[in-house]
Every structure is written in C-alpha cells, then in structure tokens.
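Visitor: I am new to this one. Could you show it to me and take my questions in turn?

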Amino acid sequence: MVTDRTAPVETAALAAEVEGLLEPAEADGVFRDTRECGGALLLAALLLISPPTPRPKTDVR
Amino acid sequence: MAEQTQGAVPLSAVIADAATGVALALRGEGDPYALSGILRQSDALTSAAVRVLGADALAPYAVEHRAAPVGADDEAVVRQALAAYPPGADASQVSVWSYRGLIEASHAFLPAGAQPWPAPPEAEAAWVAGDPWPKLSHRVSQVAALALPGLAPGLAEQLAARTDDLARGFVRAVRRRDWLQAAGLGRWLARLPDAPSTLGLDSGLAFIRQMGGADPRVALHVVAAQRFYGRGW
C-alpha cells in the first residue's frame, strides 16, 4: 500500500491523540494469587478423594 | 481526499520509525543522526511525533564525542513541535514534564540560533512524594525520556528518595509483562545512584529487551540505559 504522510490531519484530533500517547492508561492486569490458587486446588483434591456420603441400606436380605 | 487519507500513516507508526532511528543512533549504527533526517519537516505528523518522543528526539546529541555536528534543520523541527503542541491549562503532569524535557534538551543539545529557546514551564512535582508506588511507577515510566544526562536534575533528586518504590514498580511491570513501563522504569533506575543491587537491573533490562524489544520505544529505553549509564547487557 502506498503511504501518504502529507495527508491532511485533523489538528484537534491529533492534539488529543498526542495527549493520549503521552499518558496512556495502565493496562489491566490479571493476577493470580499463588496462595488462593493453592487453596482452591487443595479443596478440589479433598472433594475428589472424599468417600461417598453414607446412605441407609434399603435392600432387605 | 478519501484516497489520500486511506493511505495515511498512523501517528504511532511515525513515532515507531523515529524511535527506531534514535535507538540506532544511540547504538552508533546507521548514518550520522539528524532529527530532520528521520522525520520530514513537511510531514503533518512530525511535530506530533517529536512532542510524544520529547527529549528522546534529541537523545543522540547527548552522546559525547559525536562524529557529526547537530543537523541544521533540527532546530526548526523542534521549534515547530514546541509551537504546535504546548501543554494546555488542563494538561496532565506527564504532558507538562515531557514538554519541559524537550525544551531542556533543546537548551542543552541544540544551538539557540537567532531566536532563544523558550523558558521551560514550571512542572509540579508533589506527585513524586505523594503517589503510592504503583501509580508513581506508571507515571515515572511515562517521563522516561527525561532520564538523560543533565536533564531534570531536580526530578532525579526527588526520585532518588523513592528508589526502592521504583524498584518495586520495575518488578511489578516485568511480572505484568508491561515492557514499555518496565523499560522506562529500568532506564530511570539506571540513572539513579542507589538502585538496589539485589534487583538484578542489568539482567532485567536484558530480559526486557529480549521479550519486548520488538516495540521500538521499549528498545529505545533499554539502549538509552546502556548507552548513558552502562546498565543492561
């Protein structure tokens, strides 16, 4: 694509873009707390290895 | 008209081109640096790009023992940028500091010519002492262009009192993979006298260059830290 650096540019929009580039907002980060993750993993493991809920026997011998 | 604007280069691309040129010059590669050589004076976006880069647009002139003299047209390019984008009444502190940095760099590295350079505007610095460390780190990374030899000595002095907070911010930015912020903070830490040795600033800067060096502004900060303060590999 042929680029044109002399294309007319909206001055006010450019001034706003300059201000935006000078002070961009900080990107949102996703944080995972190791202790929270460990706790969740332990809970899941305990649920998996727990014995089944005892139920009353219904069959008659 | 539509055909013209369709092919227009975005400002970010012009800034990236200019940052690449500055980084090359700081590495001592390529042709002798001239700001007017990497940004055309007739280009509508040149002033905006110089305003965003701030003092970094003149960083190669801060290198001692330059082989070539300052480009004759550079003064006009900088004056154009200063006239076109002065910080308004409601401008952010970062904008004012960046503008001030460009004026200070012009005073320091460019000949005055027929007209004297304007006086640097007063920039407020209460945020340096008052901001919590994550916010401080974010702001300081945005004024990384001021981390040039001799520029903003007052700001550097105030930031020295918060070196540990900036080191925390550096680690935080690396962990967030915010390479631009990390590189800017690393550059400031390279300038400050008491960056903690346990921080691993040199290897940190090398890591940032490896991971985020594809962004020309990240590369520029890392190269500046190495060229002016000998930090990083």
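Visitor: How many residues of domain 1 of chain B are in contact with domain 2 of chain B?

Guide: Keep in mind that this is a predicted model. Chain B is divided into domain 1, residues 1-124, and domain 2, residues 129-228. On the domain 2 side, 17 residues take part in the contact. On the domain 1 side, the number is 21.

Visitor: Which elements give two or more residues to the side of domain 1 of chain B that touches domain 2 of chain B?

Guide: By class, that side has 14 nonpolar, four polar and three charged residues. The elements that give two or more residues to it are α2 and α6 (93-109) of chain B.

Visitor: Is L24(B) buried, partly exposed or exposed?

Guide: L24(B) sits in helix α2 of chain B. Within 10 Å there are 19 other C-beta atoms. A residue needs 20 or more to count as buried, and 12 or fewer to count as exposed. L24(B) is therefore partly exposed.

Visitor: How far apart in space are L24(B) and V223(B)?

Guide: In sequence, 199 residues separate L24(B) and V223(B). In space, C-alpha to C-alpha, the distance is 8.8 Å.

Visitor: Why is helix α4 of chain B largely enclosed by the rest of the structure?

Guide: The helix covers residues 46-53 of chain B. The buried residues include T46(B), R51(B) and L53(B). They pack against α2 (11-27) and α5 (74-84) of chain B, and against α1 (11-22) of chain A. The helix is largely enclosed because the number of its eight residues that are buried is eight.

Visitor: Which residue follows α4(B), and what is the sign of its phi?

Guide: The residue after α4(B) is G54(B). Its phi is near 65°, and the sign is positive.

Visitor: Which residue in the loop between α8 and α9 of chain B has a positive phi although it is not a glycine?

Guide: Most residues other than glycine have a negative phi. The loop runs between α8 (133-142) and α9 (153-160) of chain B. The residue there has a phi of about 45°, and it is buried, with 24 other C-beta atoms within 10 Å. Its name is A152(B).

Visitor: What is the phi of R177(B)?

Guide: R177(B) lies in the loop between α10 (163-175) and α11 (179-191) of chain B. R177(B) is partly exposed, with 13 other C-beta atoms within 10 Å. Although R177(B) is not a glycine, its phi is positive, about 60°.

Definitions and conventions: Residues are numbered from 1 along each chain as its sequence is written. Chains are lettered from A and ligands numbered from 1 in the order in which they are written. This is a predicted model: local features need pLDDT of at least 70, side-chain atom pairs count only at pLDDT 80 or more; totals for chains, interfaces and linings use all residues. Helices (H or I, at least four residues) and strands (E, at least two) are DSSP runs, numbered from the N terminus. Two residues are in contact if their C-beta atoms, placed from the backbone, lie within 7 Å. Domain bounds come from an automatic or database domain assignment. Ala, Val, Leu, Ile, Met, Phe, Trp, Tyr, Cys and Pro count as nonpolar, Asp, Glu, Lys and Arg as charged, and the others, Gly among them, as polar.
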